[in-house]
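Please open the model in your viewer and keep the sequence panel beside it. The tour below goes from one selection to the next and says what is to be found at each stop.

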Amino acid sequence: MALACLLAGVLAAAVPAYAEHQDFGGHRGFSTFTANAYVGADIAAPLSLDPTDPGYLNNLIATVTATYVKVVASDPPARMAGLAREIAASRPEVVGLEEIWTVSQAPATATGPGTFTVVFDYLQLLTNALAAHGLHYAVAVTATESDIIMPMLDLTTGGIAYGRITDHEVILARTDLPPGQLRVSHPQTGHFENYLQVPAIGLSLYRGWCSVDVSSRGETFRYICTHLEEETVPAIQMAQAQELLGSLDHNMPVVLVGDFNADPLHRNGTTTYDEFAQAGFKDAWTALHPHNRAGGLTWGHDADLADPTQRFAWRLDLVLYRGKAFQPEELEILDARLSHTQAPLWPSDHAAVAVQFDLCQPKAPGHRF
């Protein structure tokens, strides 16, 4: 084991200088990062309208248009650049991201939407920003979840158009490391069979997961990124968690990251977190901060990302793991302000979480607050 760690140190010395600090002195470590990138506005507003109201169509167009204006005002390019800076600060080997959106618009035709044009591709914005930092990441797998199309006003012509938002989970992996230090394979995606439906308007809101198999410094494990349903429908959220847990191979180590929408202390009314604990998963925050279970909060910025006085309320963004190989060493909650004096003040309504695991012999963890 000592020889393996020594060899890992030699390999670390051979990679570019910008990667050296994340290798933690040659330990056989694995580093990861997870974040919810956030669309930029409260997109639930159109779903709350009453379709039996005689003025429903006009109300829908007005509400969708107002929501679209807020998404544009949230400055997705600046926010994805801010997310890239957070990734650059920790230089993780594998990144799991939720709510990586594609925002599109199409003109209205006699039969419905015409050809959609992409307005914001959050994944492209992010990968461009990462490349501008000199970082080398490739998309390992992408899962496509909800794909929502609704009528709105064309802000240029004043005529009717259609707005479209498409949700994705994404796993990125570094490409500048030696194959013996990091290799990803076997990309997979899946939708949960339990999902939220809005039958009054014929809308299905899908959630799911994506995964890759990771080989890192002699260890092989499955890396999964997921986004469970919100706390407003706890039964669906619980069913999705049970689906995910039931699909796992108990003989394979797992790192499971994402926005679980489930607070460990049940502060948002959910108990889903307990399912993962009962299935043998450990929580990187709890392992490193056993006397501060109420800390590590990751969610609570206002929908417009404008209120610097609003405090985080829940811990929804988790890095869980199952398997003897993993020993969390460090964890950082990343919520850096953008350089704006007006909204948006942050990249997302969530903070990001970065974790460094030791894959050598377990030892007493270090704390970072």
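Begin by selecting Asp302, which has a relative accessibility of 14% and therefore counts as buried, the cut-off for that word being under 20%. Bear in mind from this point on that the model is predicted. Asp302 belongs to the loop between α7 (284–288) and β15 (317–322). If you display its surroundings and leave aside neighbours within four places in sequence, you will find Asp302 in contact with Asp307, Gln310, Trp346 and Asp349. Add His350 to the selection as well: it is 48 residues from Asp302 along the chain, and the C-alpha atoms of the two are separated by 9.8 Å.

Trp346, one of those contacts of Asp302, leads to the next stop. Select Arg337 together with Trp346, and you will see the charged end of Arg337 over the ring of Trp346, 5.5 Å from its centre. A second arrangement of this kind can be shown by selecting Arg164 and Phe116, where the charged end of Arg164 sits over the ring of Phe116 at 5.0 Å from its centre.

**Colour by confidence**

Now colour the chain by pLDDT, for which the mean over the protein is 91, with 90% of the residues reaching 70 or more. Residues 1–27 have a pLDDT below 50, and this stretch makes 47 contacts in the model beyond near neighbours in sequence. Residues 361–369 likewise have a pLDDT below 50, with 21 contacts in the model beyond near neighbours in sequence. Where pLDDT is low, the predicted coordinates should not be read in detail.

**Strand β1 and its partners**

Next select β1, residues 29–36. Is this strand enclosed by the rest of the structure, or left open? As 8 of the 8 residues of β1 are buried, the strand is largely enclosed. Both of its faces are covered, with Gly29, Ser31, Phe33 and Ala35 buried on one side and Phe30, Thr32, Thr34 and Asn36 buried on the other.

Show the partner strands of β1 in turn. Strand β17 (residues 352–358) runs antiparallel to β1 and is joined to it by 6 bridges, and in β17 the bridge partner of Phe30 is Phe357. Strand β2 (residues 94–98) pairs with β1 in the parallel sense over 5 bridges, and there Thr34 has Gly96 as its bridge partner.

**Aromatic rings**

Stay with Phe30 and display the aromatic side chains, among which there are 10 aromatic pairs. The rings of Phe30 and Phe221 have centres 5.0 Å apart and planes at 75°, so this pair is edge-to-face. Because Phe30 lies in β1 and Phe221 in β12, the pair ties together parts that are 191 residues apart in sequence. Phe221 counts as buried at 0% relative accessibility, and Phe30 also counts as buried at 0%. Extend the selection to Tyr223, Tyr321, Phe326 and Phe357, which form one aromatic cluster with Phe30 and Phe221.

**The open sheet**

From Phe221, widen the view to its strand, β12 (residues 219–227), which pairs with β13 (residues 254–259) in the parallel sense over 6 bridges. In this pairing, Arg222 stands opposite Val254 in β13. Both strands belong to an open sheet of 6 strands in the order β8-β11-β12-β13-β15-β14, with mixed pairing. At its edges stand β8 (183–191) and β14 (282–283), each with a single partner strand, so one side of each is left without a neighbour in the sheet.

**Helix α2**

Finish with helix α2, residues 56–73, whose 18 residues should span 26 Å at 1.5 Å a residue, which agrees with the 25 Å between its end C-alpha atoms. Which residues of α2 are buried? They are Tyr56, Leu60, Ile61, Thr63, Val64, Thr65, Thr67, Tyr68 and Val71. Show what covers these buried residues, and you will find, among other elements, α3 (76–90), β3 (102–109), β5 (117–121), α4 (122–132), β6 (137–153) and β7 (160–174). As a last selection, take Asp75, just after α2, which has a positive phi of about 55°.

How values were computed:
Residues are numbered from 1 along each chain as its sequence is written. This is a predicted model: local features need pLDDT of at least 70, side-chain atom pairs count only at pLDDT 80 or more; totals for chains, interfaces and linings use all residues. Side-chain values use heavy atoms; hydrogens and water are left out. Two strands pair if DSSP finds at least two bridges between them. Helices (H or I, at least four residues) and strands (E, at least two) are DSSP runs, numbered from the N terminus. The expected span of a helix is 1.5 Å times one less than its number of residues. Buried means under 20% relative accessible area, exposed over 50%, partly exposed in between (1.4 Å probe, protein chains only). Contact means heavy atoms within 4.5 Å. pLDDT is the predictor's confidence in each residue, from 0 to 100. Rings of Phe, Tyr and Trp (its six-membered ring) pair if their centres lie within 6.5 Å; planes under 30 degrees apart count as stacked, over 60 as edge-to-face and the rest as tilted. A charge sits over a ring if NZ of Lys or CZ of Arg is within 6 Å of the ring centre and within 35 degrees of the ring normal.
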